[in-house]
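Biologist: I should like to discuss the pockets and the charged contacts of this protein. Please explain each term as it arises.

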Amino acid sequence: MKAVILAVSLFLPLSFSVASAQPTKITVGYTAISAGHCPAWMAKESAIFRKNGLDVQLVYFRGGTTVVAALLSREVPISQVSGPWVVSASLRGADTVMIAGGIVITEWWLMTRPDIKTAEQLKGGTIGASFGGLPESMTRIALKRLGLTPLKDVAILQIPGLPERMSALEKGKVQAAMFPTPDNFVAQKRGFNNLVSVRLPYQSAGAATTRTFIRESPDIVRRYVKSQVEAVHLMKTNQENGKKVLVKYTGLQDKEILERTYDDISTDDRLPPKQYPTLEGLKNILEPLAETEPKAKSAKPEDFVDMRFIKELDESGFIDDLYKGRKR
C-alpha cells in the first residue's frame with residue numbers, strides 16, 4: 001500500500017507540471033498595419049508569448065469599432081487598440097481599460113496631394129479618415145491648427161484602412177489624409193506634401209482588455225503585460241530582429257523608410273520601457289470629447305486604466321533588471 005501511495009505521489013507532480021506547461025490559447029486583435037503594433041508582433045515572432053505560457057493568435061481587425069465589439073463579446077479578450085476607442089466605449093457603459101501603454105506619444109502627418117501646399121488650397125477638398133478613433137482625432141487637431149473647420153471647410157470621407165487611404169490619395173479620390181509612421185514617410189517619398197504634423201502625448205496603440213476579463217483571468221492579463229514589456233525591451237536591444245518583424249507585418253521593403261520608421265517608434269519617449277498607459281495622453285483624448293459628450297466632462301484619465309500589472313513589474317524591479325547594462 002505504501003508503495004502505491006509513493007508511486008502516486010511521484011506521478012502527480014510530473015503530471016501537473018506537464019499540464020501546466022501547456023500554453024493558454026488566446027486571440028488578440030490589432031487595428032492597423034502600422035508600426036505602433038510592433039510590440040505584439042515582436043512578442044509573437046520571438047516566442048515571448050509562448051515563454052510566458054500564452055499561445056497567442058494575432059488577428060487583424062480593420063478599424064477600432066470591430067475590435068472593441070470583439071473585445072466586449074470576448075471573441076478577443078485582449079487587444080492592441082488606441083485610447084480613443086477604449087475611452088469612447090467606456091463612456092457608453094463598457095468596462096474597457098488600457099493595461100499597457102504601448103505608444104504614448106503619437107505623431108501623424110496630414111499628407112496632401114502635390115498641388116496643395118496651403119490650408120487655403122485645401123478648403124473645399126476632402127480628407128480620408130476612419131471615424132471614431134485616432135485618425136479622426138488627429139485629423140480634427142490638424143485642421144484646427146490650420147484654422148479649418150471640419151465638415152464646413154473640408155469634408156471627411158470614411159476610409160477605414162491605411163492602405164485604402166493611401167490608394168484614395170494616389171487616385172485623387174481625396175485631397176488629403178492623415179498617416180502615422182511608416183505611411184507618412186512612404187507618402188512623402190511618393191511626392192505628397194506634409195501640410196502639418198501633429199505630435200503630442202496621446203494614448204496611441206496599446207494593450208486593452210475589460211475589467212470583467214481582468215477579474216476572471218488576472219493571470220492571463222499579467223502574463224500578457226509581462227510579454228509586452230519584454231517585447232518592448234527586445235525591440236530596443238535587438239533592432240535587426242525587430243526590423244525583420246516590422247517588414248513581415250507591414251510589407252515595408254524600402255530600407256531608408258524602414259530605418260526611419262524603426263528609429264522613430266523605438267525611442268524611449270514614444271515607447272517607454274515602463275509600459276504605463278499615459279494619463280496625460282488620455283486627458284488629451286477626453287478634452288475634445290467633452291465638447292460633444294457630457295460624460296467626458298466629468299471623466300478622469302484614471303477611469304480608463306488598470307495599472308496594477310505594470311506596477312507589479314515595476315515595483316518588483318523586473319523592468320530595471322531587464323535594462324541593466326543596456327547601451328543607449
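Biologist: How do the residues of the lining of the largest pocket divide into nonpolar, polar and charged?

Modeller: This is a predicted model, in which local features need pLDDT of at least 70, side-chain atom pairs count only at pLDDT 80 or more, and totals for chains, interfaces and linings use all residues. Residues are numbered from 1 along each chain as its sequence is written, and side-chain values use heavy atoms, with hydrogens and water left out. Ala, Val, Leu, Ile, Met, Phe, Trp, Tyr, Cys and Pro count as nonpolar, Asp, Glu, Lys and Arg as charged, and the others, Gly among them, as polar. On that basis the lining holds ten nonpolar, seven polar and seven charged residues.

Biologist: Which salt bridge partner does Lys274 have?

Modeller: A salt bridge requires a side-chain nitrogen of Lys or Arg within 4 Å of a carboxyl oxygen of Asp or Glu. For Lys274 the N to O distance is 3.0 Å, and the partner is Asp314.

Biologist: Why does this pair tie together distant parts of the sequence, and how many residues apart are they?

Modeller: Lys274 lies in the loop between helix 13 and helix 14, whereas Asp314 belongs to helix 16; helices are DSSP runs (H or I, at least four residues) numbered from the N terminus. The pair therefore ties together parts whose separation in sequence is 40 residues.

Biologist: Is Asp314 buried or exposed?

Modeller: Buried means under 20% relative accessible area, exposed over 50%, and partly exposed in between (1.4 Å probe, protein chains only). Because its relative accessibility is 17%, Asp314 counts as buried.

Methods: Helices (H or I, at least four residues) and strands (E, at least two) are DSSP runs, numbered from the N terminus.
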